[in-house]
Amino acid sequence: MQRLAELPLNFDVPQNPAAADWHIDDFRQQLRAEPPGEPLPGGTWEVACSLVRHYEFADPTLVQRVHHSSDTLAESDLLLVTRFYGLTFRLPCRVGEVVDDTASGVRRWGWNYRTLQGHLEQGQMGFSVRKDLTSGAVEFRVQAYSRAAPIANPVVRLGFELFGRSTQLRFIRGACLRMAALSDPARNGPPLPGPSRGQPAAGGPGPARFAPGAGRAEPPAEGSRRR
């Protein structure tokens, strides 16, 4: 993991990704609602936060987090491994920000990572769990901006041009559906709708009018809190 710590980001963090040549993604997945008010101990929000913290929402057939450089999430390095048509790619990343706040009546926790030198892509992907304290609605949100990194190998470059974007979208949609299932193991209610694609957004809790009814997990670790 020391080598990861020596790697720089493979892009300059943009002030406004929507104004440049980035793919912008903002996906929302409704989770099982809780009663209005602060998140319940062991309820949907806490279970989902634990899944986000440990990267357990990711489909292991698409991508795995195999290393993490620190128990403290903020600014730690991680190595993601993906397999594509029999090839294995190791994708170095660094946690860029951990969010833990309440704003505009929305309780929010999550983190993002940024790509390092050697990654097939450039950009940032963030994962957060949000609860509307007024309605009790809970959602999982994936926000990202990305583009292909320079790839020297012509075969890998062609494969990424043909399949990279579709695989990325399949990962995000799969993460949303997996989160909905894992955060509600009892399936105590009507089926939840699939992910919806929102308007491109760079951050902030935003309005949280998601919609409605709750496993056991650890709450976000104290060491990861940033306000």
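**Salt bridges, largest pocket and surface of the predicted model**

R165 is partly exposed, with a relative accessible area of 23%, where partly exposed denotes values between the buried class (under 20%) and the exposed class (over 50%), computed with a 1.4 Å probe and protein chains only. The structure is a predicted model, in which local features need pLDDT of at least 70, side-chain atom pairs count only at pLDDT 80 or more, and totals for chains, interfaces and linings use all residues. Residues are numbered from 1 along each chain as its sequence is written, and side-chain values use heavy atoms, with hydrogens and water left out.

The side chain of R165 forms a salt bridge with that of D25 at 2.8 Å, N to O; the term requires a side-chain nitrogen of Lys or Arg within 4 Å of a carboxyl oxygen of Asp or Glu. Because R165 belongs to helix α3 and D25 to strand β1, this pair ties together parts that are 140 residues apart in sequence. In contrast to its partner, D25 counts as buried, at 0% relative accessibility. A salt bridge also joins D25 to R197, with an N to O distance of 2.5 Å. Since D25 lies in strand β1 and R197 in strand β8 (residues 196-197), the parts tied together here are 172 residues apart in sequence. R197 is partly exposed, at 44% relative accessibility. D25, R165 and R197 are thus linked in a network of salt bridges.

A further salt bridge is formed by the side chains of D21 and R147 (2.7 Å, N to O). D21 is located in the loop between α1 (2-6) and β1 (23-31), and R147 in strand β7, so the pair ties together parts that are 126 residues apart in sequence. D21 is exposed, with a relative accessible area of 55%, whereas R147 is partly exposed at 24%. The count of salt bridges under the stated rule comes to ten.

With respect to secondary structure, the protein has three helices and eight strands, assigned as DSSP runs numbered from the N terminus (helices: H or I, at least four residues; strands: E, at least two). Along the sequence, these elements follow the pattern α-β-α-β-β-β-β-β-β-α-β.

The largest pocket has a volume of about 550 Å³. A pocket is an open set of points, on a 1 Å grid over the protein atoms alone, with protein on both sides within 12 Å along at least five of seven lines; lining residues have an atom within 4 Å of a point. The lining of the largest pocket comprises 31 residues, of which T82, L91, E121, F160 and T167 lie nearest its centre. Two or more lining residues are given by each of β3 (77-84), β4 (87-103), β5 (106-115), β6 (121-132), β7 (138-148) and α3. Helix α3 supplies the largest share of this lining, nine residues. By class, the lining contains 19 nonpolar, eleven polar and one charged residues.

Of the 227 residues of the protein, 49% count as buried. The protein exposes about 11200 Å², of which carbon and sulfur atoms supply 53%. Y85, L158, L162 and F163 make a nonpolar surface patch of about 470 Å²; patches of this kind consist of residues with over 30% relative accessible area and no salt bridge, their nonpolar side chains being joined within 5 Å. F163, found in helix α3 (residues 154-182), is partly exposed, with a relative accessible area of 35%.

Technical notes
Patches are made of residues with over 30% relative accessible area and no salt bridge: like charges are joined within 9 Å, nonpolar side chains (Val, Leu, Ile, Met, Phe, Trp, Tyr) within 5 Å. Accessible areas come from the Shrake-Rupley method with a 1.4 Å probe; for residues, only the protein chains shown count as cover. On a 1 Å grid over the protein atoms alone, a cavity is a set of points where a 1.4 Å probe fits but cannot get out, and a pocket is an open set with protein on both sides within 12 Å along at least five of seven lines; lining residues have an atom within 4 Å of a point. Grid points are joined across faces, edges and corners, and a volume is the space filled by probe spheres set on the points. Ala, Val, Leu, Ile, Met, Phe, Trp, Tyr, Cys and Pro count as nonpolar, Asp, Glu, Lys and Arg as charged, and the others, Gly among them, as polar.
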